[in-house]
Amino acid sequence: MYKIAALYHFTRFDDPATIQGPLLALCEAEKISGSLLLAREGINGTIAGPDAGIARVLSHIRALPGCADMEWKESHSAAQPFRRLKVRLKKEIVTMGQPDVDPRARVGHYVEPSDWNALIESPDVAVIDTRNDYEVAIGTFKGAVDPETASFREFPAWWEENKHRFHNKRIAMFCTGGIRCEKSTNYLLGQGVEDVYHLKGGILKYLEDVPQEQSTWEGECFVFDARVSVGHGLDEGPHRLCHACRRPILPEDTRRPEYEEGVACHHCAHETTQEGKDRFRERQKQMALAEARGERHIKVVHEE
């Protein structure tokens, strides 16, 4: 079994580049895979590996400036959930494109999973899903508003166009693990919205803590690893990933005429040219050859 740790923490890193090298070396030494993002505003990522290795990496991160109280969520997978390791320098650890947004200054009211149902069932509360459209498509909370955004960067524009719909409403927002809501609640507070709430620990914590018979969650939750989706109890869901467009698909979708493994699915078959599909076919061929040779498919990426 591989332990999976999903983490984020907003803090001030004066020079993230000095953190990148030692963190990358430790992850490589401990046979950790996954992705970690470093920026001046903090750290974000999901990693997987042996229990002892994950513990050492988390201990290292918690020793970084301002990270002593960092929290994370753990789960397990029987298969290696990532093909490679990435430790990247970025401008933002979750991209919103709003330079004035600072979750370290203030965020909305945190709501524990056990209290979430009562909040979102209140008639004066509007519930907004801050995730991308392909994530919302496979599962969300009953009655939640879907902004239909392709990326989190689109959320501020969506809010500006739709804020009139939420006049005199309290706003409750949620996302996969909580990080997007740290920024979206700060953004709404900056826009003059007074009563803003978000689900502490995100959907993953809700699915872990709230019994299925009491849940208002419908469907599965998309996750950014080889499990693709999880359900209540964080049990692995039925979805797989189209490796061409990175959208979730169901097993029955692989029997549709548009599907070709690693090349296209019904979501993206019309979005790529024949030349693009040929490139995907060659990539899929090389991946199959490498797998047949027993290669681990873990590539360390050191980039800014």
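**Exercise 1. Helix α1: length and sides**

Task: Check whether the end-to-end distance of helix α1 (residues 16–29) agrees with the span expected at 1.5 Å a residue, then sort its buried and exposed residues.

Solution.
- Step 1. This is a predicted model. In it, helix α1 has 14 residues.
- Step 2. The expected span is 1.5 Å times one less than the number of residues. For α1 that should come to 20 Å.
- Step 3. The end C-alpha atoms of α1 are 20 Å apart, so expectation and model agree.
- Step 4. Now list the buried residues of α1: P16, I19, Q20, L23, L24 and C27.
- Step 5. These buried residues cover an arc of only 125° around the axis, so they sit on the same side of α1.
- Step 6. T18 and A29 are exposed on the other side of α1.
- A general point helps here: an α-helix has 3.6 residues a turn, so residues three or four places apart point the same way.

**Exercise 2. Two positive phi angles**

Task: K31 and L234 each have a positive phi; where does K31 lie, and where does L234 lie? Is K31 buried or exposed? Is L234 buried or exposed?

Solution.
- Step 1. K31 comes just after α1. Its place is the loop between α1 and β2 (33–39).
- Step 2. Phi of K31 is near 55°, and K31 is a residue other than glycine.
- Step 3. The cut-off for exposed is over 50% relative accessible area. K31 is at 53%, so K31 counts as exposed.
- Step 4. L234 is not a glycine either, and has a phi of about 60°. It lies in the loop between β13 (229–230) and β14.
- Step 5. Buried means under 20%. L234 is at 16%, so L234 counts as buried.

**Exercise 3. An open sheet and its helix**

Task: What is the strand order of the open sheet of 4 strands? Which strands are at the edges? Which helix packs on the sheet?

Solution.
- Step 1. Read the order: β6-β10-β9-β7, with parallel pairing.
- Step 2. β6 (109–111) and β7 (125–129) each pair on one side only, and these are the edge strands.
- Step 3. On average, neighbouring strands of this sheet are turned by 30° against each other, direction ignored.
- Step 4. Look at one pair. β7 and strand β9 (residues 170–174) are parallel, over 5 bridges. I128 stands opposite M173 in β9.
- Step 5. Add the helix. α6 (residues 179–190) packs on the sheet and touches β6, β9 and β10 (196–199). The direction of α6 makes about 175° with that of β10.
- In general, strands of a sheet pair through backbone hydrogen bonds, either parallel or antiparallel.

**Exercise 4. Salt bridges**

Task: How many salt bridges are there? Where in the chain do E271 and R247 lie? How many residues apart are R281 and D278?

Solution.
- Step 1. The rule asks for a side-chain nitrogen of Lys or Arg within 4 Å of a carboxyl oxygen of Asp or Glu. The count by this rule is 19 salt bridges.
- Step 2. Take E271 and R247. Their closest N and O atoms are 3.1 Å apart. This pair links distant parts of the chain, 24 residues apart. E271 is in the loop between β15 (248–249) and α8 (274–292), and R247 is in the loop between β14 (240–241) and β15.
- Step 3. E271 is partly exposed at 46% relative accessibility. R247 is also partly exposed, at 23%.
- Step 4. Take R281 and D278. Their closest N and O atoms are 2.8 Å apart. Both are in helix α8, 3 residues apart, so about one helical turn separates them.
- Step 5. R281 is partly exposed at 30%. D278 is partly exposed at 41%.
- Step 6. Some bridges share partners: E41, E92 and K183 are joined into one network.
- Step 7. Take D225 and R227. They form a salt bridge with closest N and O atoms 2.9 Å apart. D225 and R227 are buried.

**Exercise 5. The surroundings of I43**

Task: Is I43 buried or exposed, and which residues is it in contact with, leaving aside neighbours within four places in sequence?

Solution.
- Step 1. I43 lies in strand β3 (residues 42–49).
- Step 2. Its relative accessibility is 0%, so I43 counts as buried.
- Step 3. With those neighbours left aside, I43 is in contact with L7, Y8, H9, F13, L23, L37, L38, I61 and I93.
- Step 4. Link back to α1: L23 is one of the buried residues of that helix.
- Step 5. For contrast, take K142. I43 and K142 are 99 residues apart in sequence and 31 Å apart in space, C-alpha to C-alpha.

Note on methods
Residues are numbered from 1 along each chain as its sequence is written. This is a predicted model: local features need pLDDT of at least 70, side-chain atom pairs count only at pLDDT 80 or more; totals for chains, interfaces and linings use all residues. Side-chain values use heavy atoms; hydrogens and water are left out. Buried means under 20% relative accessible area, exposed over 50%, partly exposed in between (1.4 Å probe, protein chains only). Helices (H or I, at least four residues) and strands (E, at least two) are DSSP runs, numbered from the N terminus. The arc is that of the directions from the helix axis to the C-beta atoms. Two strands pair if DSSP finds at least two bridges between them. Axes are lines fitted to C-alpha atoms, for helices over the stretch in contact, and angles run from 0 to 180 degrees between N-to-C directions. Contact means heavy atoms within 4.5 Å.
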